[in-house]
Structure formats: C-alpha cells, structure tokens
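Colleague: Could you take me on a close look at a single part of this model? I would enjoy one connected walk through a helix and its surroundings.

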Amino acid sequence: MTDAQETLLNLLEIEQLEVDLFRGTGQGGETSTRIFGGQVVAQALSAAYGTVPDRLCHSLHAYFIRPGDPEIPVIYQVDRARDGGSFTTRRVVAIQHGKQILNMSASFHVEEPGRHHQHPMPQVSGPENWPDRNVLRAEELDRVPEHRRADFMRPRPIELHDVEPRDLFEPEIVSDENHSWFRMSAAKGSSPQMQHCMLAYASDMNLLGSSLRPHGLTWMSGKVMTASLDHAMWFHAPVHFENWHLYTMDSPWTGGARGFNRGSIYDQNGTLVASTAQEGLIREITPRKS
C-alpha cells in the first residue's frame, strides 16, 4: 500500500462526533489548493453509511456549493429523511467556516431479485496497453509552471491509465468520448460500503474533461476555468475496486459556460457496476486588457 492510498483510506474513515454528526479531514486529496470534489462526495457517503447499517447505496445526488478549504476539517450533518421497509433516504450537508460546501441526497435499498439487462462494455484496449498517468506527467514536468509542479506531481491513490491520452498543453479537437482505466489496489478486503466510497471518490476524475474535448481544451491549457457543479452516481453491481475498471465517458452537450457529462463504469468482466452524470463550469478565460 502506498502512502497516498493509506491517506485516502484514512480520509474515508471519518470520525463520528455525535448522533448524525461526523468530521472528515480536508487535506490529502488530488490537490492542495482546494478539496477535491470526489473527496467531499465520498466522505458525505461515508457519513450517510454511518447511519445506515443494513443496506447499500444505490444512488446519490450532490451539489458542490463552495470550494472546500483543505486546511480545516469538514463537518457532515446527516438528516435521516426516511427509514422505509425497502428504501432508506439520507440528506447530508458538508460544512466549513459555518457555510455549506456540499449537500447530497442518497438512497439505500435492500437487496432484491429482479430482471436484468445492461449495455455492453465498449471494446477498448486493456490498461496494460496505455501508460500510467504519473509516468506521462513526469515526462511533461518541464512544461508546467514551477509554482504548479508540486501539485502536478502530487502522489495520488488511484492508479489511472488514460486510453489514447491527449497532450495536456496543446490538445487537439477530438470526440467527446473519453475512456480511462482505473483501480486502487489497496481496496482489496474493504467492506462493500468502503468500496462504494472509494469508487465515488474516483468517479470525479476525468469526467468533466469530456466536455472540453470537442473544443480543444484541457484544464492545463490555460484557456478555461473549470469546476464541478454537481455529481450524480448510481451503483448497479458489487464493486471490487482493487481490480481494473473501465470508465467510459461522453459529453452530449455544452453551452452557457457549462458542460454536461455522463459516465459508465465497468469491471474487467464487462459488468456495469456504476453510472455517473455531472455538469461542470467551463468558463473561458479572457485576457485582461492592458
């Protein structure tokens, strides 16, 4: 287990302060400048699970309200909206500096039998055929402004291989379809609830970038400001995130400085384990007039 993976596992084991009140660490995610959105979603889900002992989450819907401050803890208030015979509903509010930074609703369902179908997994070359994200970033370090290099090369817990990776600094215009392989080896042996939290964390990676692809933009191109506005996730099948999963994404629409993105997460056997949707800010940066 790497230090970054151990840090993530510790981040998701949030502290219970009181009945329905929890505290999570702000530091340790994908960036040091603000709390990574997937981290807040995952901790909010962990807080909700702290009040739901007998069933698993099947969907969550979150709004990012303010940037998170990594220098202080995050307080999570859980509202027990409903405890039903088959479904349980929770509302979670994440608070820093006395203000909401995220609110999330999550629904939990007892296991039931039912009819099944799914779309097939896309035919994409396996993870062994694509370079690791960290290797690619090390090769591009000279192109990164010095003040951003530490964050650019920050150790990260999720192993990620982009399919047909693009140039981060001079990206071409390409299809909105976007594929990545990802996993976290330290997930092995984790509970189903923790598997959900780890996948929720990782599901915020690369998704917003789908809406930038048809416009020849990336978050490193210096031409656009991006931020996740909301995040939705549906869990369909058991998650074993220590194994490779294919994250296949697209963006059906952009407009009004926003981009809409969808994702499907498959295990290597082709089982659809989760789906995602997210809208994000994609505001173009206009040079200041001298």
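Modeller: Happy to, and let's take helix α5, starting where it meets α2. From α2, the residues G38, Q39, V41, A42, L45, S46 and Y49 meet Q193, H196, C197, A200 and Y201 of α5. Sorted by class, this contact has 7 nonpolar and 5 polar residues, with no charged ones. Please keep in mind throughout that this is a predicted model.

Now the geometry of that pair. Helix α2 covers residues 37-49, and its axis comes within 7 Å of the axis of α5, with a crossing angle of roughly 160 degrees. The two helices are therefore roughly antiparallel to each other, since an angle over 145 degrees counts as such. The crossing of α2 past α5 is right-handed.

Helix α5 itself spans residues 192-202, and α1, residues 3-12, also packs against it: their axes come within 11 Å and cross at roughly 115 degrees. That makes α1 roughly perpendicular to α5. As α1 passes α5, the crossing is right-handed. On the α1 side the contact is made by L8, L9 and L12, which meet M194, C197, M198 and Y201 in α5. The make-up of this contact is 7 nonpolar residues, no polar and no charged. If you compare the two residue lists, C197 and Y201 of α5 appear in the contact with α1 and again in the contact with α2.

How much of α5 is covered? Mostly it is, with 9 of its 11 residues buried. The buried ones are M194, Q195, H196, C197, M198, L199, A200, Y201 and A202. Of these, L199 is also among the residues with the most contacts inside the largest nonpolar core, a set of 56 residues; L45, L102, M104 and F241 are the others named there. Helix α2 gives the most to this core, with 8 residues.

One residue of α2 deserves a pause, and that is V41. V41 is buried, because its relative accessible area is 0%. Leaving out residues up to four places away in sequence, V41 touches L60, A62, F64, L102, M104 and A200. A200 in that list brings us back to α5, while L102 and M104 are two of the core residues named above. For a sense of distance, V41 and S264 lie 223 residues apart in sequence, and their C-alpha atoms are 18 Å apart in space.

L102 is worth following too. Beyond its neighbours within four places in sequence, L102 is in contact with V40, V41, A44, A62, Y63, F64, I65, V92, V93 and A94. A62 and F64 are on this list and on that of V41 as well.

Finally, let's step out of the helix. The loop between α5 and β9 (224-228) holds N206. N206 is not a glycine, yet its phi is positive, at about 75 degrees. Most residues other than glycine have a negative phi. N206 counts as partly exposed because its relative accessibility is 29%. A257 offers another case: its phi is positive too, about 65 degrees, although A257 is not a glycine. You will find A257 in the loop between β11 (245-255) and β12 (258-267). With a relative accessible area of 32%, A257 is partly exposed.

Notes. Residues numbered from 1 in each chain as written. Predicted model: local features only at pLDDT ≥ 70, side-chain atom pairs only at ≥ 80, totals over all residues. Heavy atoms only, no water. Axes fitted to C-alpha atoms, helices over the stretch in contact; angles between N-to-C directions. Helix = DSSP H or I, 4+ residues; strand = E, 2+ residues; numbered from the N terminus. Parallel < 35°, antiparallel > 145°, perpendicular 65-115°, else oblique. Left-handed = near helix turned anticlockwise from the far one by under 90°. Contact = heavy atoms within 4.5 Å. Nonpolar A, V, L, I, M, F, W, Y, C, P; charged D, E, K, R; others polar. Core = buried A, V, L, I, M, F, W, Y, C linked by side-chain atoms within 4.5 Å. Buried < 20%, exposed > 50% of the residue type's maximum accessible area, 1.4 Å probe, protein only.
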